[in-house]
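User: Hi! I'd like to go through this model with you and ask, label by label, what each one rests on. Could you show it first?

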Amino acid sequence: MHYQPKVELASGRIIGVEALARWRDRTTGEWIAPDRFIAVAEESGLILVLGAWALREACRQNREWAAQGLPPLVVAVNLSAVQLQQSDLPSVVRRILAETGMPAEYLELELTESAIMEYPEQANLLLRELKSLGVKLSIDDFGTGYSSLAYLSRFPVDLLKIDRSFINALEQDSSAAAIATSIIAMAHQLGLQVIAEGVETERQLAFLQRHGCDQIQGYYFSKPLAAADLGWLLTQDRRLQMPEAVSFKRTLLMVDDDPLIQVGLQQALDGQGYRLLSCTTAREALELMACNDIQVVLADDHMPDMSGTELLARIKNLYPDTVRLMFSGYFDARRLKDAINIGSIYKYISKPWEQGHLRRCVDDAFAHHASLQRRLQQEDPSSRLHGEDGPTGG
């Protein structure tokens with residue numbers, strides 16, 4: 001067994017581990033990945049033996065860490081779809097807890113969304129029986145299956161794990177980012193915790209922190225470790241170093257691939273009482289949005305990698321509270337009309353700009369953002385989920 005730490009974002013502490021089976025080839029000495037041998041174990045029926053061994057070994061190891069005086073941890077063990085069809089699964093779990101002497105509250109059982117949705121009514125009965133033992137339950141790979149909100153609210157689960165495919169695509173795929181933020185918001189409204197798996201970059205971490213994710217696991221903090229190495233890591237009290245949260249009430253992001261335009265914008269807007277960030281590509285813009293609290297975005301419509309219209313539409317989906325301005329030297333009435341109609345932009349500014357007009361437009365955008373925030377504070381907080389932007393104008 002190897003163990004990958006789970007880290008709480010609020011404190012940066014390791015609060016749990018996921019137990020992961022590894023198999024060393026006796027001939028080559030190489031580690032064989034689980035995706036190669038788990039499927040074979042399921043087909044052959046050996047998964048029940050392997051699953052019971054993994055559960056027992058994880059519980060035994062957790063008790064050993066506790067006996068060494070290390071901080072208490074929740075150890076998570078994956079259950080396969082075949083194990084969920086095992087009629088005596090609750091009895092197996094109960095027996096292993098008794099044999100190892102591990103308190104039930106320190107065991108978490110992970111079940112994939114697709115597995116429990118194959119026979120949801122039957123799965124719900126099984127989950128409730130497992131829950132009665134005092135263990136924690138989590139849905140793994142969430143977002144890739146077919147569970148409905150109605151079923152999710154009925155399952156007695158404690159935690160959702162956002163599938164790594166969405167985490168890998170956070171910075172560039174607005175759909176993946178929208179799914180991730182929706183899962184976080186939905187889970188919190190249902191009283192569930194959320195963990196993101198496969199976190200590998202600081203930008204992914206910053207995005208998840210900004211959107212209220214509870215826990216993370218992934219190579220950014222630590223790869224899966226052998227039991228002895230994980231024990232040593234715990235003795236060091238290593239904590240996750242969060243990205244510096246630089247927050248300004250008035251931050252403007254300027255996006256234009258022309259360096260001369262960037263210089264001109266800096267000169268025109270410098271000294272106006274707000275923080276200025278700039279970049280030359282849509283990719284850089286999305287990375288800056290993930291790591292910073294930005295209220296207003298000013299983007300050129302004609303860029304080589306992605307049009308400003310498309311970029312602002314993505315930003316609207318990811319960060320609906322941001323006020324978006326577009327400027328261009330090539331007036332296209334149809335594109336402008338489309339952008340306004342879908343709510344991608346708040347105002348359009350033509351090039352070359354008049355300095356006074358540019359400053360007034362930016363100031364008005366910040367004022368509009370502030371008024372939206374006041375309105376949201378007065379309304380139901382859930383209105384943030386609907387991405388209300390207010391009226392658009394030219």
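User: What makes the contact between K351 and D256 a salt bridge?

Analyst: Happy to walk through it, with the reminder that this is a predicted model. A salt bridge needs a side-chain nitrogen of Lys or Arg within 4 Å of a carboxyl oxygen of Asp or Glu. The side chains of K351 and D256 meet at 2.8 Å, N to O, so the pair qualifies under that limit of 4 Å.

User: Why can this pair be said to tie together parts of the chain that are apart in sequence?

Analyst: K351 sits in the loop between β16 (347–350) and α16 (355–378), while D256 sits in the loop between β12 (251–255) and α12 (259–269), so the salt bridge joins parts 95 residues apart in sequence.

User: And how do you know whether D256 is buried or exposed?

Analyst: Buried means under 20% relative accessible area. D256 has 1%, so it counts as buried.

User: What is the peptide bond from K351 to P352 called, cis or trans?

Analyst: That bond is cis, with omega near -10 degrees. P352 belongs to the loop between β16 and α16. As background, most peptide bonds are trans.

User: Which other salt bridge links distant parts of the chain?

Analyst: K161 and E197 make one, at 3.6 Å from N to O. K161 is in strand β8 (residues 159–162) and E197 in strand β9 (residues 193–197), 36 residues apart. Both ends are buried: K161 has 0% relative accessibility, and E197 has a relative accessible area of 5%.

User: What about E287 and R283: where do they lie?

Analyst: Both are in helix α13 (residues 282–291), four residues apart, which is about one turn of the helix. Their closest N and O atoms are 3.4 Å apart, and they form a salt bridge. Burial separates the two partners. E287, at 16%, counts as buried because the limit is under 20%. R283, at 45%, counts as partly exposed because that class runs between the buried limit and 50%.

User: Which residues do salt bridges with shared partners join into one network?

Analyst: That network contains K6, E18, E108, E110, K161, R164 and E197. The structure holds 23 salt bridges.

User: Let's turn to the interior. What makes a group of residues a nonpolar core?

Analyst: The members must be buried, belong to a set of nonpolar types and be joined through side-chain atoms within 4.5 Å. The largest core here has 95 residues, with Y3, V93, L107 and L311 touching the most other members. Helix α9 (residues 174–189) gives the largest share of this core, six residues. A second, separate core of 20 residues includes M254, V296, V323 and F366. In soluble globular proteins, nonpolar side chains tend to be buried together.

User: Which residues does V93 touch, leaving out those up to four places away in sequence?

Analyst: V93 touches L55, L107, L109, L130, L133 and V135.

User: How many cavities of 30 Å³ or more are there, and what lines the largest cavity?

Analyst: There are three. The largest has a volume of about 100 Å³. Its lining is A81, L84, Q85, A115, I116, E118, Y119, Q122, A123 and L126. Elements giving two or more residues to that lining are α3 (81–84), α5 (113–118) and α6 (120–131). By type, the lining divides into seven nonpolar, two polar and one charged.

User: Back to the backbone: what makes D141 and D237 worth flagging?

Analyst: Each has a positive phi without being glycine: near 55 degrees for D141 and near 50 degrees for D237. Most residues other than glycine have a negative phi. D141 is found in strand β7 (residues 136–142), whereas D237 lies in the loop between α11 (227–235) and β12. D141 has a relative accessible area of 25%, so it is partly exposed. D237, with 40%, is partly exposed as well.

User: One last question: what are the overall figures for burial and secondary structure?

Analyst: Of the 394 residues, 49% count as buried. The secondary structure comes to 16 helices and 16 strands. Among contacts between residues at least 6 apart in sequence, 66% join residues at least 24 apart.

Conventions:
Residues are numbered from 1 along each chain as its sequence is written. This is a predicted model: local features need pLDDT of at least 70, side-chain atom pairs count only at pLDDT 80 or more; totals for chains, interfaces and linings use all residues. Side-chain values use heavy atoms; hydrogens and water are left out. Buried means under 20% relative accessible area, exposed over 50%, partly exposed in between (1.4 Å probe, protein chains only). Contact means heavy atoms within 4.5 Å. On a 1 Å grid over the protein atoms alone, a cavity is a set of points where a 1.4 Å probe fits but cannot get out, and a pocket is an open set with protein on both sides within 12 Å along at least five of seven lines; lining residues have an atom within 4 Å of a point. Grid points are joined across faces, edges and corners, and a volume is the space filled by probe spheres set on the points. Ala, Val, Leu, Ile, Met, Phe, Trp, Tyr, Cys and Pro count as nonpolar, Asp, Glu, Lys and Arg as charged, and the others, Gly among them, as polar.
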